[in-house]
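Ready for some practice in reading a protein model? Work through each exercise on your own before you look at the solution.

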Amino acid sequence: MRKPAVTTVDIHPVLAERWSPRAFDATAVVKVDDLNAILEAGRWAPSAFNRQPWKFLVGHRGDENFAKLSGVLSGFNKEWAPRASVLIAANAITVDAEGNPIPSALFDLGLAVGYMSVEAHHRGYSIHQMAGFERDALKAALGLGDEVQPVVIIALGHAADVSTLENEALREREVAPRERKPLSEILL
Ligand SMILES: Cc1cc2nc3c(=O)[nH]c(=O)nc-3n(C[C@H](O)[C@H](O)[C@H](O)COP(=O)(O)O)c2cc1C
């Protein structure tokens with residue numbers, strides 16, 4: 001399904017066409033080269049002082065990492081996201097080696113995930129980010145230190161037909177038009 005953004009002026013087609021499905025093909029596999037390219041795109045995102053304050057954990061459907069990540073999802077994310085091919089925990093490093101806070105860490109991580117989203121879409125995959133998960137449970141499951149802040153779990157895979165979603169509310173959301181505030185509203 002396509003859900004292109006309705007833009008006031010043309011933007012790059014990858015940006016306009018990217019969207020966040022919840023219906024994922026539970027039989028699809030992400031090719032190794034494609035997954036590497038998606039991570040590589042994140043690696044090459046800019047960051048303040050080039051600190052690259054991020055760490056990713058990748059789980060493939062059926063493996064231990066995937067089970068850990070799907071096990072901490074909350075709410076309706078538990079219903080749809082386990083059908084994705086890959087789950088990725090995107091974590092920000094919020095404190096540097098000297099113990100000083102990294103104020104831009106979340107922003108930097110967001111840029112990296114943005115780059116990953118674009119590369120994924122360009123390669124025919126979809127990404128759906130989730131903030132809906134149990135942070136403390138994820139930190140415990142992965143043994144993350146205090147300097148590591150889990151921010152989103154990313155579902156990655158091939159979008160499937162909306163009919164594969166069992167939940168009617170999710171089916172309705174899947175086909176709903178994508179909306180944004182008007183440009184005038186986001187300009188000060
Ligand atoms: C940081 C972040 C957290 C999100 N958390 C969730 C989530 O927990 N569950 C979910 O279904 N969608 C989640 N989303 C997806 C957004 O709802 C979605 O990106 C937004 O509605 C815009 O839709 P689009 O990506 O299709 O343009 C999240 C997106 C972001 C960027």
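**Exercise 1.** Which residues are around the ligand?

*Solution.* Keep in mind that this is a predicted model. Step one is to list the shell: W19, S20, R22, N77, Q129, M130, A131, G132, V152 and R178 surround the ligand. Step two is to sort these residues by class, which gives four nonpolar, four polar and two charged residues.

**Exercise 2.** Find the order of the strands in the open sheet, and then its edges.

*Solution.* Begin with the order: the four strands are arranged as β1-β2-β4-β3, and their pairing is antiparallel. Next, look for strands that pair on one side only; these are the edge strands, β1 (54-60) and β3. On average, neighbouring strands are turned by 25 degrees against each other, direction ignored. Now add the helix: α3 (residues 64-71) packs on the sheet and touches β1, β2 and β4. The direction of α3 makes about 105 degrees with that of β1.

**Exercise 3.** How many bridges join β2 to β4?

*Solution.* Eight bridges link these antiparallel strands. For one pair, go to I88: its bridge partner in β4 is I154.

**Exercise 4.** Which members of the largest nonpolar core touch the most other members?

*Solution.* The core has 39 residues, and the ones to pick are L87, A90, L109, I153, I154, A155 and L156. Then ask where core residues come from: α2 (32-43), β2 (86-93), α5 (105-122), β3 (126-130) and β4 (148-157) each supply at least two. Finally, follow I153 outwards: leaving aside neighbours within four places in sequence, I153 is in contact with L69, L73, L87, A89, M130 and F133.

Conventions. Residues are numbered from 1 along each chain as its sequence is written. This is a predicted model: local features need pLDDT of at least 70, side-chain atom pairs count only at pLDDT 80 or more; totals for chains, interfaces and linings use all residues. A residue is near a molecule or strand if its C-beta atom, placed from the backbone, lies within 6 Å of it. Ala, Val, Leu, Ile, Met, Phe, Trp, Tyr, Cys and Pro count as nonpolar, Asp, Glu, Lys and Arg as charged, and the others, Gly among them, as polar. A nonpolar core is a set of buried Ala, Val, Leu, Ile, Met, Phe, Trp, Tyr and Cys residues joined through C-beta atoms within 7 Å. A residue is buried if 20 or more other C-beta atoms lie within 10 Å of its own, exposed if 12 or fewer, and partly exposed in between; C-beta atoms are placed from the backbone. Two residues are in contact if their C-beta atoms, placed from the backbone, lie within 7 Å. Two strands pair if DSSP finds at least two bridges between them. Axes are lines fitted to C-alpha atoms, for helices over the stretch in contact, and angles run from 0 to 180 degrees between N-to-C directions.
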